[in-house]
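Got the structure open and a few minutes to spare? Here are some exercises to work through, each followed by a solution in steps.

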2 protein chains.
Amino acid sequence: MTVSVAPNAVAAVSEARLWQRLMEMAEIGGFVSEEGDTGVNRPCLTTLDRTARRLLISWAERIGASVTIDPAGNLFLRLEGEDPSLPPVLTGSHMDSQPQGGRFDGIYGVIAGLEAIEAVATAGIRPKRAIEVVAWTNEEGGRYAPGCTGSMSFADFRPMSDFDDIVDAAGIRYADALAEQMASESDLATRPLGYTPHAYLEAHIEQGPRLEVEGREIGVVSGIQGSRWFTVTIEGRSDHAGTTPLGLRRDAVQDMVRAITALNALMHDPDDVLRFTVASIRVEPDTSNSIARRVVFTIDFRHPDKAVLIERGDAITGVVEAAMTTCTATVHERFHALPVDFGATVPGAVAAAATSQGLSTITMPSGAFHDAQFMVPLCPTGMIFIPCRGGVSHHPAEYAEPVACANGARVLVQALLTLANS
Amino acid sequence: MTVSVAPNAVAAVSEARLWQRLMEMAEIGGFVSEEGDTGVNRPCLTTLDRTARRLLISWAERIGASVTIDPAGNLFLRLEGEDPSLPPVLTGSHMDSQPQGGRFDGIYGVIAGLEAIEAVATAGIRPKRAIEVVAWTNEEGGRYAPGCTGSMSFADFRPMSDFDDIVDAAGIRYADALAEQMASESDLATRPLGYTPHAYLEAHIEQGPRLEVEGREIGVVSGIQGSRWFTVTIEGRSDHAGTTPLGLRRDAVQDMVRAITALNALMHDPDDVLRFTVASIRVEPDTSNSIARRVVFTIDFRHPDKAVLIERGDAITGVVEAAMTTCTATVHERFHALPVDFGATVPGAVAAAATSQGLSTITMPSGAFHDAQFMVPLCPTGMIFIPCRGGVSHHPAEYAEPVACANGARVLVQALLTLANS
């Protein structure tokens with residue numbers, strides 16, 4: 001059936017409706033940057049997040065999708081299939097943003113998933129299996145690091161309780177923020193945590209420059225590079241900046257500079273495939289004339305090759321410790337995810353759908369870290385990438401063309417139907 | 001008269017009373033550090049600051065000193081002399097602390113000044129000139145940088161209005177914080193801003209290791225090294241930490257590391273006389289997986305040699321700009337004070353007093369920056385240093401022995417009487 005029905009659903013995808021919904025969602029937490037771009041700051045488990053979820057639910061209910069939430073706060077919109085007893089096909093992404101984020105990262109995959117089931121419903125198609133659209137809790141890790149706590153909990157990659165005591169910048173515990181959200185959504189039907197989907201397919205902006213540079217319309221994602229996140233704490237001593245000879249200091253800022261310089265050497269990669277980032281730095285007491293007694297900084301290290309990820313990641317502690325002159329350093333690894341390979345099933349369905357629609361493709365790994373990563377142990381998994389301008393994301397300038405968004409949704413609905421009928 | 005009367009006042013200095021008052025003051029904003037030391041966090045123009053000032057006033061009124069405040073919030077305690085028409089001798093220091101400060105920096109000079117006039121009153125001595133004890137507003141610059149705004153305003157080194165729009169970490173304007181304090185002290189008599197004292201003498205802990213290392217009891221301060229404070233802003237671009245090739249990034253943290261490394265080379269000093277400190281760093285958006293779009297860091301540069309201060313300080317902007325690879329940098333100099341020489345008059349009186357009391361001395365420059373710096377253009381100026389343990393200050397472990405505090409107060413009262421009778 002799929003070959004004949006898919007085109008009807010594909011034709012039922014509305015570029016205008018999809019774009020309108022993206023822009024409406026972008027108003028929730030929206031701001032205009034210093035450069036005049038329209039950004040989004042919508043942290044997870046906040047009133048803004050809940051407002052966005054309610055808007056999504058209102059759209060889903062209009063097309064007859066059933067709405068449930070699980071104990072991790074993940075939100076599910078289910079379009080029933082012919083046989084409700086069969087494991088459904090799962091699609092979706094996340095609705096939270098980076099603090100200085102854009103209008104497409106995450107939310108596009110959720111809205112495209114909704115567009116897909118709406119197109120299926122509009123086309124009057126009833127696939128063999130149900131299709132569920134999920135909005136995962138806290139993918140970004142902007143408010144609560146690490147990210148992907150919702151999908152990690154769903155997939156039992158880590159127990160939910162591991163995240164309870166993470167605090168945000170205001171000192172609010174993750175468990176308390178989640179409990180507040182569950183309470184405010186107590187009117188919604190609940191479901192147990194986790195299940196084994198028939199397949200998982202997530203649509204997302206590329207967040208990199210390849211599709212744009214190579215002029216292709218669809219990225220068939222083959223897998224996701226691995227990520228390791230660390231927190232480095234350097235302990236020195238605070239003394240008077242005007243009187244203390246440099247030779248007698250234990251200056252945490254100076255040893256931080258040495259540590260980052262040494263890490264740059266460790267992470268050097270002529271092929272520019274390795275991703276090494278220090279993006280958060282906290283200094284105490286952070287006053288200009290008192291030498292820093294403590295510095296805490298983060299490391300975000302990623303690579304598609306498991307061997308490189310393990311070898312260089314495991315070397316970080318030694319390199320940081322060796323860089324200390326007068327301070328002491330402790331390195332804590334707060335997140336570790338090995339590279340994943342999506343295999344043939346879902347990428348094959350994506351490639352076939354794109355090709356049948358006359359869209360050009362590249363098969364490529366994902367540089368970014370996605371909820372899809374955690375579905376791999378559960379079921380055949382894949383992702384669809386659409387081009388984003390300049391490869392920019394996590395920034396108000398993040399942008400995807402309306403036609404690119406629609407292309408992604410059309411490939412998504414066809415691939416979902418292929419999987420839902422298999 | 002001074003030779004005969006001074007010893008009586010010297011004998012009237014009470015080590016116990018001085019220590020008791022220091023410890024009582026230390027409870028206002030006091031805290032216990034992670035290492036178990038008793039520190040003080042008493043920012044200027046706060047309720048804590050005002051509580052400390054009220055306590056000081058209560059002690060001053062008991063000995064018949066008159067209390068006034070000026071428009072900069074500086075607090076004066078006056079012990080009248082034989083001829084009220086003569087310019088008084090001024091002593092004192094500041095009552096604010098660093099955020100992670102100690103129990104002696106600043107407040108010692110104020111309490112020692114009070115002890116000196118109390119000893120003079122107790123000894124029944126009436127010097128020719130009045131002696132005034134001053135508590136200067138915001139010396140530390142911990143809440144509002146630069147520091148010494150009270151003494152700079154008094155000495156007309158800079159107009160008071162220059163400081164109006166400085167904001168603290170909470171965004172509160174200096175002018176508003178000062179207005180709040182003036183309102184809460186509206187019951188106190190006021191005086192105009194500034195006058196020309198006959199002489200100025202400030203007692204302070206050394207904040208360096210020399211007196212302790214060399215086993216001397218009193219530092220006869222010959223002058224103060226110069227200070228230049230800068231704020232460096234590095235502008236980059238925020239992108240996704242997992243997808244953006246390092247070759248395409250504009251990472252403000254990486255260019256900050258290059259800038260500090262280059263500044264370390266510029267500021268290299270084999271004699272370890274130069275003081276170069278980066279102690280405050282703010283990163284935006286400060287989230288671990290978004291590349292830093294902006295870093296703001298401070299530079300505190302000090303040297304006793306005017307030529308070095310000017311030559312290397314003026315080179316900072318060029319060195320920072322040359323260190324940028326993909327970001328842009330702007331350097332703002334927010335404070336500039338050249339080295340000062342106290343000359344012979346006040347240091348001579350201090351040395352004579354110490355010697356006549358059998359106390360060992362060193363003549364030394366001040367590494368720290370003090371309100372005394374701004375009195376130099378107005379009148380003969382000097383300082384008395386007492387040893388502090390390990391040379392540590394701006395830290396909860398800051399400590400001066402009770403006997404060292406008393407030695408300083410005895411030298412202070414004798415020197416003040418010499419100057420007040422001249």
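**Exercise 1.** Work out the handedness of the crossing of α4(A) and α11(A), and describe how their axes are set.

*Solution.* Keep in mind that this is a predicted model.
- Start with the handedness: α4(A) and α11(A) make a right-handed crossing.
- Next, the geometry. Helix α4 covers residues 107-122 of chain A and helix α11 covers residues 402-420 of chain A; their axes come within 9 Å and cross at roughly 55°.
- That angle is neither under 35 degrees nor in the 65 to 115 range, so α4(A) and α11(A) count as oblique to each other.
- Now look at who touches whom. From α4(A), the contact residues include Tyr108(A), Ala112(A), Gly113(A) and Glu115(A), and on the α11(A) side you'll find, among them, Ala404(A), Cys405(A), Gly408(A) and Leu412(A).
- Sort the residues of this contact by type and you get 12 nonpolar, 2 polar and 1 charged.

**Exercise 2.** Do the same for helix α8 (residues 252-266) and helix α9 (residues 306-323) of chain A: at what angle do they pack?

*Solution.*
- The angle is about 145°, and the axes of α8(A) and α9(A) lie 9 Å apart.
- The crossing of this pair is right-handed.
- Asp255(A), Arg258(A) and Ala259(A) are among the α8(A) residues in the contact, and they belong to a set that meets α9(A) residues including Arg312(A), Ala315(A) and Ile316(A).
- The tally for the α8(A) and α9(A) contact is 10 nonpolar, no polar and 3 charged.

**Exercise 3.** Hop over to helix α6 (residues 174-184) of chain B and find which residues are buried. Why do they line one face of the helix?

*Solution.*
- The buried ones are Tyr174(B), Ala175(B), Ala177(B), Leu178(B) and Gln181(B).
- Look down the axis of α6(B): the buried residues fall within an arc of 165°, so they line one face.
- As a reminder, an α-helix has 3.6 residues a turn, so residues three or four places apart point the same way.
- The cover over these residues includes α3 (47-62) and α5 (149-154) of chain B.

**Exercise 4.** Two loop residues to finish: is Gln373(A) buried or exposed, and what is the relative accessible area of Glu401(A)?

*Solution.*
- Gln373(A) sits in the loop between β16 (361-366) and β17 (381-386) of chain A.
- Its relative accessible area is 3%, so Gln373(A) is buried.
- Leaving out residues up to four places away in sequence, Gln373(A) touches Ile224(A), Gln225(A), Ala337(A), Leu338(A) and Val340(A).
- Glu401(A) lies in the loop between β17 and α11 of chain A.
- With a relative accessible area of 43%, Glu401(A) is partly exposed.

Terms used: Residues numbered from 1 in each chain as written. Chains lettered and ligands numbered in written order. Predicted model: local features only at pLDDT ≥ 70, side-chain atom pairs only at ≥ 80, totals over all residues. Heavy atoms only, no water. Axes fitted to C-alpha atoms, helices over the stretch in contact; angles between N-to-C directions. Helix = DSSP H or I, 4+ residues; strand = E, 2+ residues; numbered from the N terminus. Parallel < 35°, antiparallel > 145°, perpendicular 65-115°, else oblique. Left-handed = near helix turned anticlockwise from the far one by under 90°. Contact = heavy atoms within 4.5 Å. Nonpolar A, V, L, I, M, F, W, Y, C, P; charged D, E, K, R; others polar. Buried < 20%, exposed > 50% of the residue type's maximum accessible area, 1.4 Å probe, protein only. Arc of directions from axis to C-beta.
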